[in-house]
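Reader: I would like a close look at one part of this model. Please take a single helix pair and describe how the two helices meet.

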Amino acid sequence: MTIDITPAIAVRALTKRFAEITAVDALDLDLASGRIYGLLGPNGSGKTTLIRLMTGLARPTSGEVRVLGTRMPNREILGRIGYMTQADGIYVELSVWENVRFFADLAGVPDEAAAADVLRVVELYERRKTPALQLSGGMRRRLSLACALVHKPSVIFLDEPTVGIDPALRVQFWTYFRQLAADGATLVVSSHVMDEADRCDELLLMLHGRLLTRGRPAEVRAQTHVEDIEQAFLKLDQP
Amino acid sequence: MNARRTFAIARRIAEFFRRDRRTLALVFVAPIVIMGLLGWVIRDQKPQSSTVAIVNDAGSLGEAARTQIGGQATSAGLTYREDITTDDAARQAIIDGSIDIAVMIRADSTGPKVVVLTEGVNPADDAARVGTLREALAGAFGGQSTPVLEQQSIYNESGTFFDAFAPALVGFVVFFLVFILTGISFLRERVGGTLERLLATPVRRQEIVVGYSLGFGIFATLQVALVLVFVLGTVHIGSIGPLPEINLGLGVPIAGSPLLAFVITLLLAIAAVNLGIFLSTFARTEFQILQFIPLVIVPQVLLSGIFWPISSLPGFLAPIARLLPMTYGIEGLREVLVKGSGIDASTVQLDVSVLAGMAVLLAVVATLTIRREVA
């Protein structure tokens, strides 16, 4: 058996500047498949820009991103990427079912079973005929997640996926994320809340567009000698 | 009524204008643009250089009148084509565009009569020309009682003022509604995060633009078909119970092929779809899409020849008119529906090809505004 050592995501000297602001600053990063990465950082630390660079939605000022060995931006590889944006990004006039089918079609997955499966996972199958307009905020988040995962992507970016989701369903979400990783997918989950950090395989702590530190949640705690990741941020930011 | 709360609301609106500079600018710029255009178009219209033929069918008495009218017409600034002397020649000269008006002097048992023959494609244009002629006639007949004036037209002969306007209005209504619909719809893609999401799938930008044209095209097709049926057709419905009898549909008489008119209107609609996608780049809210009405729609209404012929526009506005899709849509619709021209007519061919070209060009421009980088 050969082990694929190519990282699922490889980031090299990646920089993105917007006029005066350097959102991502000379970042190097290798992310392996089959793992869940927690991308943590306060608002404005560059998490969303980094995700947009990794999906090819933004072009780097310098440096490069490779996803599954292919340099981004690349349209073909987008068929193997799932991206749940911070905004819900769903069509509120369409029904739950129509939304999922639309994104399945764009990703080239025409079979209805995939749409039904993913809706069962987010517990919206029973409400598949409901217009998205009538869903609660948490339900819309779930629908948004379903749209990002319907094509069974290998690399998954989830930008604050659990905002507005109740604790019970949050546990279910993480069980599902864990299962996707076990099947070989790479997950990058951004959050500015820290209570989910312990569920990740590895944490990537971002501040001012740079990688402050990375490591397993326990390692990060040990490194900073604090119990709370939030405090870890405060401590690491000291010069 | 609490003054503090009332003022808070008024202040909130003032603050909105202060933040949304575009809207503020529009409050001041739009009326200037609209009033300016109206002023230039109406006041600074180039005097129509009408060419007139005078035909005498009333013997020797009429011959004297012909000479007099001819003299008055020349001094009123009209060009007098003395060589056209028969009804048929005058009629043909109007059709091929070598003259604009024919005056036919007739005599019957009730006395002398003057028939004024115009083209009948643009009623406003005809009215302006006849106005100038009327002055010449009044001068020619001096103090004597002016004979009965009868106005006839080559096209739209039996029709009313509205009948000649209807084709132009069809083009305008469809363009306007399709533009607003697509503009708002695509804006929502941009601000609602769905465009970002679309672009994170393997979809191509061209696929989005062509998909939009197809999707809205289907509804535009139905809309165009319905509008044409309503405007051109009519069904009489007798009184039912307390309901009075009514004619459903406007029953505007047409000379040419409704199918060709349909094709022209559809091309205009596709141009409107892509213009909507393109301009949605420059808006952040639905409100700002509506702001394009005075800037994009109103100039087209004033300049595209719906009311004032392009030939009468002041020098600097005429080239602008030639850049507007609606100009070609309306010219084509009038040519087909009022004049009865077919696809073999060079004007119709020009209008259809320019509209198709504009639709493609706007689709390309729309595609370029859909960037992977939309942050």
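Is the crossing of α2(A) and α4(A) left-handed or right-handed?

Author: The model is predicted. In it, the crossing of α2(A) and α4(A) is right-handed. The contact draws on Val96(A), Asn99(A), Val100(A) and Phe103(A) from α2(A). From α4(A) come Leu143(A), Ala146(A) and Cys147(A). Six of these contact residues are nonpolar, one is polar and none is charged.

Now the geometry. Helix α2 of chain A spans residues 96-106, and helix α4 of chain A spans residues 137-149. Their axes lie 8 Å apart. The packing angle is about 30 degrees. Angles under 35 degrees count as roughly parallel, so α2(A) is roughly parallel to α4(A).

Chain B offers another setting for helices: a sheet. This open sheet has five strands, in the order β2-β1-β3-β4-β5 (chain B), and its pairing is mixed. The edge strands are β2 (79-80) and β5 (148-153) of chain B, each paired on one side only. Strand β1 of chain B, residues 51-56, runs parallel to β2(B), and two bridges join them. Within that pair, Thr51(B) stands opposite Thr79(B) of β2(B).

Two helices of chain B belong to this picture. Helix α4 of chain B, residues 87-95, packs on the sheet. It touches β1, β3 and β4 (111-118) of chain B. Its direction makes about 165 degrees with that of β1(B). Helix α3 of chain B, residues 59-75, lies across β1, β2 and β3 (101-108) of chain B. Helix α3(B) runs at about 170 degrees to β1(B).

Definitions and conventions: Residues numbered from 1 in each chain as written. Chains lettered and ligands numbered in written order. Predicted model: local features only at pLDDT ≥ 70, side-chain atom pairs only at ≥ 80, totals over all residues. Pairing = 2+ DSSP bridges. Helix = DSSP H or I, 4+ residues; strand = E, 2+ residues; numbered from the N terminus. Contact = placed C-beta atoms within 7 Å. Axes fitted to C-alpha atoms, helices over the stretch in contact; angles between N-to-C directions. Parallel < 35°, antiparallel > 145°, perpendicular 65-115°, else oblique. Left-handed = near helix turned anticlockwise from the far one by under 90°. Nonpolar A, V, L, I, M, F, W, Y, C, P; charged D, E, K, R; others polar.
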